[in-house]
Amino acid sequence: MSAAVAVPQHKLSETPNSRTIEINDWVIIASTNPISSASECDALQASLGFPLPEMTFGSNYLSLEHQPSGWKMMFDTHNALKCVKKGELGEGDGGVKVGYADAWLKSRTDPGTNLPLPVTVAAKHYDWTYTMTYPGHHSDSAPDIESPSPSIQWMDANSNNPSHSIPLSELTRPDPILFYAEIPLFEDELHDNGSSNLLVRIRVMPTCIFILSRFTLRVDNVLFRTHDTRIYHSFTSSPSLVVRQLSGWEASYDGVKRQLPSRNDLTPLTDANFIAKVLMELPVTESQHIGARTRWRGLRTKVEIAVLARGGP
């Protein structure tokens, strides 16, 4: 049995649609709201330039700020969907084709009027699977800007430095959970061809912060794909570090199906956690090199760090 862990001083507050924790110089806000209204969807769709997922939670977000350094990071629906590829897909974009993709795209409706969207461009004018490698973004920055501030940048982690990794042993200890939230950003059933969704989870424990943002794609009879962004911060790290791990996996539909506990029960194939577990346990050459032979550039594992300024005098 592990030794008792001291619980640091912290403050919890909430409103009808958000919860906040203030702990060890950090302010963390998780906002969960109902699915976006028709007018909200209209505005977001106009900004993005392509049809939205069927369930879009446009007002949901997770933000965390390290007050001494001013380092701030966010996950939100708008910036996530900005990472969806517009236009024809090219090499590395991981395009997925099914026999009825064109008909599916043409069947999309305007969320404001429920009328068919006019076909004014080529059918595949965006990635209909909503595939993304969204790593979160920094305040007032686009998702592809890697620097949270001029003085704090993401750097490649040193594999020989234990503090530059995410410690599984700490995350699996039965420590008290001081703050927990699940923030759905979007979900789409791909016109009954599968499922695409993005969910962000956060845990704050006495010793650390841990975030998992997981994109999961299932295209029936074609492939499974997962992209994870893991963010970890130890309150005792010195210098103060944030570790970010970006990982993408992919495999054929049949390759994952063969891993089912029961051949006659397909239910686990709709479970994002089961899909991720199978993909992560496959040989790296299969899940991160060959994948489903789409040549998706998201197939990788990359670890990087940001060094934060110290608090105090």
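1. Two strands count as paired if DSSP finds at least two bridges between them. By that rule, β11 and β12 pair in the antiparallel sense over 12 bridges. Helices (H or I, at least four residues) and strands (E, at least two) are DSSP runs, numbered from the N terminus. Before going further, please keep in mind that this is a predicted model, where local features need pLDDT of at least 70 and side-chain atom pairs count only at pLDDT 80 or more, while totals for chains, interfaces and linings use all residues. Residues are numbered from 1 along each chain as its sequence is written, and side-chain values use heavy atoms, with hydrogens and water left out.

2. Here is the overall picture. The protein chain has seven helices and 14 strands. Of its 313 residues, 49% are buried (buried means under 20% relative accessible area, exposed over 50%, and partly exposed in between, with a 1.4 Å probe and protein chains only). The chain exposes about 15,300 Å², and carbon and sulfur atoms supply 51% of that area (areas come from the Shrake-Rupley method with a 1.4 Å probe; for residues, only the protein chains shown count as cover). Taking contacts between residues at least 6 apart in sequence, 65% join residues at least 24 apart (a contact means heavy atoms within 4.5 Å).

3. Now to the sheet. Eight strands form an open sheet in the order β4-β9-β10-β11-β12-β13-β14-β8, and the pairing is antiparallel. At its edges are β4 (55-56) and β8 (155-156), each of which pairs on one side only. As a reminder, strands of a sheet pair through backbone hydrogen bonds, either parallel or antiparallel.

4. Strand β11 is a good place to zoom in. Its link to β10 is antiparallel, with 11 bridges, and G194 stands opposite V219 of β11. A hairpin of three residues connects β10 to β11. On the other side, V219 has L223 of β12 as its bridge partner. The β11-β12 hairpin also has three residues between its strands, and N221 in that turn has a positive phi of about 65°.

5. How many residues of β11 are buried? The count is 12 of its 12 residues. C208, F210, L212, R214, T216 and R218 point one way from the strand, while I209, I211, S213, F215, L217 and V219 point the other way.

6. R218 deserves a second look, since it is a charged residue in that list. R218 is buried, with a relative accessible area of 12%. Its side chain forms a salt bridge with D220, the closest N and O atoms being 2.7 Å apart (a salt bridge is a side-chain nitrogen of Lys or Arg within 4 Å of a carboxyl oxygen of Asp or Glu). D220 itself is partly exposed, at 24% relative accessible area.

7. In the neighbouring strand β12 you will find H227. H227 is buried, with a relative accessible area of 2%. Leaving aside residues up to four places away in sequence, H227 touches M132, T133, S213, R214, F215, L246, S247, G248, W296 and G298. G248, one of these, stands opposite R300 in β14. Strands β13 (residues 241-252) and β14 (residues 300-307) pair antiparallel over eight bridges.

8. Helix α6 (residues 272-281) lies across β10 (194-204), β11 (208-219), β12 (223-234) and β13, at about 90° to β12 (axes are lines fitted to C-alpha atoms, for helices over the stretch in contact, and angles run from 0 to 180 degrees between N-to-C directions). Which residues of α6 are buried? They are F274, I275, A276, V278 and L279. Their cover includes β11, β12, β13, α5 (253-257) and α7. At the start of α6, a side-chain oxygen of D271 comes within 2.9 Å of the backbone nitrogen of N273.

9. A last word on charged pairs: the structure holds 12 salt bridges. One of them joins the side chains of E91 and R295 (3.2 Å, N to O). E91 sits in the loop between α2 (77-81) and α3 (101-106) and R295 in the loop between α7 (284-290) and β14, 204 residues apart. Both E91 and R295 are exposed. R201 and E182 also meet in a salt bridge (3.2 Å, N to O). R201 lies in β10 and E182 in β9 (residues 179-188), so this pair ties together parts 19 residues apart in sequence. E182 is partly exposed, at 38% relative accessibility. K85, D93 and R297 are linked in a network of salt bridges.

Terms used:
A polar contact is a pair of N or O atoms within 3.5 Å; within protein, one must be able to donate a hydrogen and the other to accept it, and residues adjacent in sequence count only if both atoms are side-chain atoms.
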